[in-house]
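Reader: I should like to learn how the features of a structural model are read, taking them one at a time. May we begin once the structure is in view?

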Amino acid sequence: MSKMTPRQVLNKVYGYRSFIGLQGAVIDCIMRGGSALALMPTGGGKSLCYQIPALCLDGTAVVISPLISLMQDQVSALKHLGIKAAALNSMLTPAQAREIYETLLGGGLDLLYVSPEKICAEGFLQTLSRVKISLFAVDEAHCISEWGHDFRPEYMQLKILRQSFPEVPLLALTATADAMTRKDIVKNLNMPHAEIFISSFDRPNITYAAAIKDKEKQQLLSFIETKHPSDSGIVYCLSRKRAETFADFLSEKGYNALAYHAGLDAEIRRKNQDIFTKKEGIIMCATNAFGMGIHKPDVRFVIHMDLPKSVEAYYQETGRAGRDGLPADAAMFYGVKDIAQLRNFIEVSNAPEAQKILERQKLKLLTAYAQSADCRRKMLLGYFAEDYRAPCNACDNCLTPPQTYDATVNVQKFLSCVFRVTGQSYAFGAQHIIDILLGKETEKIKKFNHGALSTYGIGKDCGENEWRAVSGQAVVTGLVKMDMEHSTLTLTEAAWPVLKGLERVELRKFAKPLTRKEKRKQPSAQMPAADTSLFEKLRKLRRILAERDNIPPYIVFSDKTLMEMAAFKPRTPEDFANISGVGAFKLQKYAKVFLEEINTAG
Ligand code: ADP
Ligand code: ZN
């Protein structure tokens, strides 16, 4: 059979109408025998960049992938497109491995997934030299960089690919965009002439939001209740204990919540991840140990209950939402105390000064993001040196512009009150400062005779919530320092220019965002409104088929494909084939049952 062109493969095998982003350009480069580095965000469609050339070129494409679970998901998705693919890994029995080798040597594989260790294992390259290799693809290529976050020593050995197969096209792919990582990939894979493709890192279907913590469990719950009551999502937190706590809390409230962190048994982790992948409506409460292996396309929300490590890490983690292109949410709840604590950690640590500077800078960027009243997407993309023209209409600040006000006088009052109560051996917490400003008559105020202070009662024109917001923002912006043991406040150097009237302070007005239902932009794919009751029926059918074959539901069809079915209601196999995501194989396998469901639904 003569080989198809990339576009034919896209239409016939995958059932998609057109390439997205830089897919077409990357595929062209590989088809011409070139090598390339493709930087695309999560959900940017990286897999097709090597899968399509694999089907168009003669021979077998070898894909290097860091995680077994990832390979297995990809292979089973490919098999459900009628593509000949296999993965060699340590989970196979000798008989299974032998069978794969035989198929490979007989030229019967379009794609072979292997781990980096396997590539370097004794004799493996020799085996590969006996078959025609169409291309090498190195997935998650940032693992080769010591600079970034997922460094894997095994990846360093992949240099050998270029040496052993100089003529075979090599494609490296990653969702990490920074320049250092990019340089490392090109250098360490020995591909100086690679064409570099950098797509926009914007994820238009993700809505970003951030809010200060204030009864965090309640905030988490109402966010999920109002926006995603039956969806899959990830709740990220810093410690194992907190992951457990949130999982228990959400379970008590009737949600299907699981925990995932490095403290759990490997078997339990594997099981929980498997449930998350295969079932619908699971909430995973996890530390950042839950990461790279997740290719689930229908994660509808990612919530951070603690600050992530950096803005870059935040973007990676939130990027796990909405891979399928349908609307998704990324929310962050940040705590005043947490920020003060992180700041203290940096100061008291024994790290070299250069590292402290870097850590301070990272934290500063994060707090700036959390606090900002500007378009969040603009800030995030700015971090990747991308110039975005706000408003995006899909972040909290664009949807409901926060009210800011010139808070200089209020902040001065607050700081001045902190100054006045701070003695050589004692300091007070935010509540006491606020009580003084509001002119309350508490025991503590009586005891320390703080009613006599010049700042007593000078804040009566504002409410308690307003002052709490001032106090929180004074900590977050570093005007006051919070003692970790007693939560007491003292002024920092940065407070003086404000107190002296040399600097203005703009603050957000107190508001409780994030739980309101917002009107938002439709997802980028415009289509007629789906019939929701039909959509639910199709989902149910999909669930049954997925369970029967023990595969994740999205491998049967994505949510997006089901939505198109529920909107266009195809009646014949020809109409059915026109739905995006219905290729030849799935047409044959599923058209009959799905058409029956659509036709009986009327
Ligand atoms: P990445 O690996 O970059 O995160 P994937 O390759 O997993 O992204 O693709 C994300 C989703 O987009 C998948 O569900 C995939 O099937 C879908 N997709 C990829 N390319 C196209 C396309 N050209 N048209 C429609 N959907 C696409
Ligand atoms: Zn915005």
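Reader: Does Thr 174 count as buried or exposed, and what is its relative accessibility?

Author: A word on the source before the answer: this is a predicted model. Burial is judged by relative accessible area, and under 20% is called buried. Thr 174 has 1% relative accessibility, so it counts as buried. The residue lies in strand E6, which spans residues 170–174.

Reader: With which residues is Thr 174 in contact, leaving aside its neighbours within four places in sequence?

Author: Contacts are read from pairs of heavy atoms within 4.5 Å. With those neighbours left aside, Thr 174 is in contact with Leu 37, Ala 38, Leu 39, Met 40, Lys 46, Ala 141, His 142 and Ile 185. In addition, the side chain of Thr 174 reaches the backbone nitrogen of Thr 176 at 2.9 Å.

Reader: Lys 46 is among those contacts. What lies 2.9 Å from a polar backbone atom of Lys 46?

Author: That partner is an oxygen atom of ligand 1. Two further backbone pairs can be read in the same manner. Ser 18 has a polar backbone atom 2.9 Å from a nitrogen atom of ligand 1, and a backbone N or O atom of Gly 44 lies 3.3 Å from an oxygen atom of the ligand. As for cover, ligand 1 on its own has 570 Å² of accessible area, of which the protein covers 81%.

Reader: How many residues surround ligand 1, and which are the closest?

Author: The shell consists of 15 residues, the closest being Tyr 16, Ser 18, Gly 43, Ser 47 and Arg 323. By class, the shell holds six nonpolar, seven polar and two charged residues. Helix H3 (residues 46–56) supplies the largest share, three residues.

Reader: Let us turn to the interior. How many residues has the largest nonpolar core, and which of them have the most contacts inside it?

Author: A nonpolar core is assembled from buried nonpolar residues joined through side-chain atoms. The largest one here has 110 residues, and Ile 119, Leu 128, Phe 136 and Phe 414 have the most contacts inside it. Helix H18 (residues 408–421) gives the most to this core, namely six residues. A second core, separate from that one, has 36 residues, including Leu 10, Ala 36, Cys 49 and Ala 87.

Reader: Which residues are in contact with Leu 128, apart from its neighbours within four places in sequence?

Author: They are Val 62, Leu 104, Ile 119, Ile 133, Phe 136 and Phe 165. Ile 119 and Phe 136 were also named above among the residues with the most contacts inside the core.

Reader: Why is helix H25 described as largely enclosed by the rest of the structure?

Author: The general approach is to count buried residues along the element. Helix H25 (residues 559–568) has ten residues, and seven of them are buried, so the helix is largely enclosed by the rest of the structure. The buried ones are Asp 559, Thr 561, Leu 562, Glu 564, Met 565, Ala 566 and Ala 567. Their cover includes strand E12 (299–304) and the helices H23 (532–549), H26 (573–577) and H27 (584–600).

Reader: What value of phi does Lys 569 take, just after H25?

Author: Lys 569 takes a positive phi of about 45 degrees. Two other residues may be read alongside it. Glu 140 is not a glycine, yet has a positive phi of about 50 degrees; it is found in the loop between strand E5 (133–138) and helix H8 (159–164). Asn 190, also a residue other than glycine, has a positive phi near 65 degrees, and is found in the loop between helix H9 (179–188) and strand E7 (195–198).

Reader: Is Glu 140 buried or exposed?

Author: Glu 140 is buried, with a relative accessible area of 12%. Asn 190, with 31%, is partly exposed.

Reader: To finish with the peptide bond itself, which residue is joined to Pro 391 by a cis peptide bond?

Author: The cis or trans state is read from omega. Ala 390 is joined to Pro 391 by a cis peptide bond, with omega about 0 degrees. Pro 391 is found in the loop between helix H16 (376–383) and helix H17 (396–399). With 53% relative accessibility, Pro 391 counts as exposed.

Technical notes: Residues are numbered from 1 along each chain as its sequence is written. Chains are lettered from A and ligands numbered from 1 in the order in which they are written. This is a predicted model: local features need pLDDT of at least 70, side-chain atom pairs count only at pLDDT 80 or more; totals for chains, interfaces and linings use all residues. Side-chain values use heavy atoms; hydrogens and water are left out. A nonpolar core is a set of buried Ala, Val, Leu, Ile, Met, Phe, Trp, Tyr and Cys residues joined through side-chain atoms within 4.5 Å. Buried means under 20% relative accessible area, exposed over 50%, partly exposed in between (1.4 Å probe, protein chains only). Helices (H or I, at least four residues) and strands (E, at least two) are DSSP runs, numbered from the N terminus. A residue is near a molecule or strand if one of its heavy atoms lies within 4 Å of it. A polar contact is a pair of N or O atoms within 3.5 Å; within protein, one must be able to donate a hydrogen and the other to accept it, and residues adjacent in sequence count only if both atoms are side-chain atoms. Accessible areas come from the Shrake-Rupley method with a 1.4 Å probe; for residues, only the protein chains shown count as cover. Ala, Val, Leu, Ile, Met, Phe, Trp, Tyr, Cys and Pro count as nonpolar, Asp, Glu, Lys and Arg as charged, and the others, Gly among them, as polar.
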